[in-house]
Amino acid sequence: MALNEADTRREFITPALQAAGWTGPRLREEHPFTDGRIFGPNRRAERKRADYLLCYTPTFPLAVVEAKAEGHHVGEGIQQAKDYAQILQVHFAYATNGATIIEIDLVAGTERPVPGYPAPEELMRRYRERAKLTSDAAVERVLTPDYPTENKEPRYYQTIAINRAVEAIASGKKRALLVMATGTGKTSTAFQICWKLWTTRWNRAGSPHRPKILYLAHLDVLVDDPMRKDFTPFGEAVTRVEGRADTAHDLYFALYQAIAHPDRSPPLYREWSADFFDLIVVDECHTGSAREDGLWREILVYFKSAVQLGLTATPVATDDRDTYGWFGAPLYTYSLAQGIADGFLAPYRLHNIVSDVDATGWRPFSGQRDKHGQLIPDKLYGTPDFERHLKLPDRTRIFAEHLTAYLRHTDRFAKTIVFCVDQEHALDMRDALIAGNRDLVARHPDYVVRITSDEGDLGKRHLGNFMLPRKREPVIVTTSKMLSIGVDAQTCKNIVICRVIGGVVEFKQIIGRGTRVRTDFDKWTFSILDYTGSASLLFADPAFDGEPLPPDPAILPPPPEPGEEPPKLGERPPDGEETGLPPAPPPGPIVPPVTPPIPPPPPPVPPRLTVEGVLVRIVAEQVQVLDPEGRVLQTFSLTDYTGEKIRTLYPSPDALRAEWSTPEGRARLAGRLRERGVELDEVTLALGRPEADPFDVLAHLAFRTAIVSRAARVERVRKTQAAFFARYSPAARTILEHLLDAYAAHGPADLDLAAAVQLEPLRDQTTLPEIVSRFGGLSSLQAALAELNRQLYAA
């Protein structure tokens with residue numbers, strides 16, 4: 001009799017791996033590397049698990065091994081081995097049934113049988129050769145253990161990012177880019193990179209001193225939070241740059257605007273020598289460093305000898321901003337879609353809410369004046385105009401009332417961010433929300449607050465409390481752009497959009513405020529309430545699921561050397577260099593400069609018009625969810641989706657019946673549906689047929705067969721299968737009758753004997769050994785149960 005998979009691993013595969021040297025922490029068996037996609041509260045898909053993960057060190061995996069049971073064809077494991085190797089970004093994978101081993105080299109594109117597993121040193125040698133990792137010092141830095149954090153081992157994608165970055169920097173790469181979705185731990189990844197380089201005393205000069213590192217950001221929260229949290233192990237080696245440029249520390253946190261302020265001459269960053277820093281980490285590098293004319297770029301050009309590592313969730317590639325043009329192609333990308341699929345990020349539900357004025361626009365009557373007596377220009381005003389050029393207080397009030405009703409229906413203490421047009425609109429929205437929630441505001445004064453730059457220290461305090469999961473208040477915050485980036489609001493459950501969003505980059509940053517998962521605070525999913533139509537348009541943008549493409553090197557000139565920029569028009573290049581520009585004309589007589597005419601003053605900014613008394617109503621609302629496979633937003637029908645998936649898995653009713661007719665098959669089918677986001681109980685409930693067998697519900701949804709109740713199935717078996725029951729003694733028939741009664745009352749789970757014996761009356765009348773004896777032995781009992789299952793589902 002062939003061994004099952006667990007026995008095959010124990011008897012053959014594990015001993016063979018250990019004999020090759022894969023022992024202790026180098027061999028991880030049944031290694032889970034995802035959390036399983038979230039479908040709802042306490043509902044996840046199965047975690048992805050590698051049968052074996054082969055690691056040179058605990059943080060440097062080299063290969064995966066996919067095991068199949070003895071007797072199965074070895075090729076059955078090849079595709080899964082390749083899939084897992086691609087996810088984990090390892091070069092090698094192995095498929096085996098204990099007798100045969102297939103080695104898959106993903107870089108070479110080969111699959112070949114091998115007599116045994118390579119030793120760890122051999123596999124590492126092969127990796128170093130293809131990675132051109134020739135320096136032993138570079139290898140030492142890559143293999144240096146991560147800083148141990150209690151109950152927080154880096155996730156698989158963080159390990160990939162850390163290793164890729166350290167490997168690139170230790171090997172001499174001057175600029176590097178990591179793209180990681182909001183909420184996936186860019187800061188902790190950056191910490192581990194800096195820690196490995198600092199503890200191994202890497203620096204550009206190769207000297208024994210520790211490196212000088214500049215951590216550059218554009219918001220206080222992006223500086224203060226890492227210093228207080230992830231980077232505390234650096235101790236006194238860390239400082240924040242404020243007012244002066246000292247040289248006594250190793251790790252410097254700075255706001256770029258603080259060290260490159262245009263009112264200070266020379267700027268603060270020039271107080272350090274140009275070669276002072278070994279490494280510059282640029283957080284949210286899509287913001288300023290991607291601009292050729294920005295203050296960020298001045299800093300990076302000045303410190304051109306330093307290695308520069310960019311971190312972002314949303315790289316850009318436009319005419320005036322190009323993340324790739326400066327940092328190059330990403331070393332590694334971990335996307336929002338992948339984070340949701342892995343279960344590390346929360347999936348979302350989109351509520352599209354449309355008011356009549358947003359749907360059809362608003363136009364003044366002839367000569368109409370606003371609240372302050374200003375004549376309203378005659379035009380059709382639409383969503384982009386509202387609250388920017390034209391204030392409609394009733395529109396703001398209606399949105400606040402709708403949001404309040406939504407929270408009353410769901411959870412009035414679910415943390416919520418409302419993105420408004422500007423600070424004035426955020427104040428108006430705050431007032432409207434307070435008016436609609438006076439009962440809670442009376443007991444919780446900070447239930448609704450505005451957080452914008454105008455609030456100063458008070459706003460910072462509110463923001464700090466909003467970010468803390470254990471702080472109940474504030475619950476609702478209104479803002480304009482201040483909270484769209486760098487805010488780690490782990491328990492935020494609602495993102496509310498009351499302004500037009502400028503593009504995909506800003507949109508991904510905004511929804512990133514809701515993607516964190518905190519199951520200990522019942523935060524599994526989040527909702528997006530869109531009152532402007534922005535979300536639907538931007539979710540449909542092809543750039544949303546992917547990243548902007550880097551420029552095609554085949555049609556662009558080569559990039560400048562690190563830290564240098566091409567000469568600007570009119571500048572003379574260094575001797576011997578060509579610019580591709582026409583040659584400068586020969587010098588002629590000096591002509592006095594002509595004083596340019598004084599340009600006319602800019603036109604006055606038109607005053608914002610306020611129109612009261614406009615009747616505004618919500619005229620449409622649609623809810624869309626990510627389909628259970630996490631691919632696209634759709635108006636979701638659970639029953640239609642389930643029928644489609646059943647037809648995909650089982651081509652006919654007979655194929656479905658064959659799978660369902662055994663307890664093992666039912667468990668297998670339920671698991672396959674659960675992986676696709678479908679729970680059988682929910683489908684039966686959605687169809688309104690709780691008395692039906694799940695098999696009949698599934699067959700009806702997929703193939704339009706008639707639905708039969710469980711009681712009808714039992715009655716048919718009792719009438720037509722007298723010969724089956726006659727084979728057994730009266731005592732044994734009593735057991736079968738009890739099983740049929742339990743099935744009719746509760747469902748197919750009770751056709752499993754171990755479950756049924758826990759039900760009355762069997763629980764009080766007999767034991768499992770006694771039941772076995774009534775059937776004359778275990779094999780006879782198993783045969784009787786298998787036949788009973790077949791007869792129940794025979795038609």
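Select helix α23 (residues 680-687) and helix α24 (residues 694-703). Leu680, Val683, Thr684 and Leu687 of α23 meet Pro694, Val697, Leu698, His700 and Leu701 of α24, where contact means heavy atoms within 4.5 Å. Helices here are DSSP runs of H or I with at least four residues, and strands are runs of E with at least two, numbered from the N terminus. This is a predicted model, in which local features need pLDDT of at least 70 and side-chain atom pairs count only at pLDDT 80 or more, while totals for chains, interfaces and linings use all residues. Residues are numbered from 1 along each chain as its sequence is written, and side-chain values use heavy atoms, with hydrogens and water left out.

Stay on this pair. The residues of the contact between α23 and α24 divide into 7 nonpolar, 2 polar and no charged; Ala, Val, Leu, Ile, Met, Phe, Trp, Tyr, Cys and Pro count as nonpolar, Asp, Glu, Lys and Arg as charged, and the others, Gly among them, as polar. The axes of α23 and α24 come within 10 Å and cross at roughly 65°. Axes are lines fitted to C-alpha atoms, for helices over the stretch in contact, and angles run from 0 to 180 degrees between N-to-C directions. The two helices, α23 and α24, are therefore roughly perpendicular to each other, a label given to angles of 65 to 115 degrees, against under 35 for roughly parallel, over 145 for roughly antiparallel and oblique for the rest.

Next, select glutamate 659, in helix α21 (residues 653-660). Is glutamate 659 buried or exposed? Glutamate 659 is buried, with a relative accessible area of 12%; buried means under 20% relative accessible area, exposed over 50% and partly exposed in between, with a 1.4 Å probe and protein chains only. Leaving aside neighbours within four places in sequence, its contacts are Tyr650, Gly665, Arg666, Arg668, Leu669 and Arg672.

Move to the open sheet of 7 strands, ordered β11-β12-β10-β13-β14-β9-β15 with parallel pairing. Two strands pair if DSSP finds at least two bridges between them. The edge strands, each pairing on one side only, are β11 (238-240) and β15 (332-334). Neighbouring strands of this sheet are turned by 15° against each other on average, direction ignored. At the β15 edge, β9 (residues 175-180) pairs with β15 over 3 bridges, and methionine 180 stands opposite tyrosine 334. Add helix α5 (residues 156-170), which packs on the sheet and touches β9, β13 (279-283), β14 (307-312) and β15. The direction of α5 makes about 160° with that of β15.

For another helix, select α9 (residues 295-302), where Trp296, Arg297, Ile299, Leu300 and Tyr302 are buried. These buried residues pack against β10 (213-217), α8 (256-259), β13, β14 and α10 (323-327).

At the other edge, pick glutamate 242 in the loop between β11 and β12 (251-255). Glutamate 242 is exposed, with a relative accessible area of 59%. From glutamate 242 to alanine 254 the C-alpha to C-alpha distance is 7.6 Å, across 12 residues in sequence.

Finally, select β5 (residues 60-67) and β6, which pair in the parallel sense over 5 bridges. Valine 65 stands opposite tyrosine 94 in β6. In β6 (residues 92-96), 5 of 5 residues are buried: Phe92, Tyr94 and Thr96 on one side, Ala93 and Ala95 on the other.
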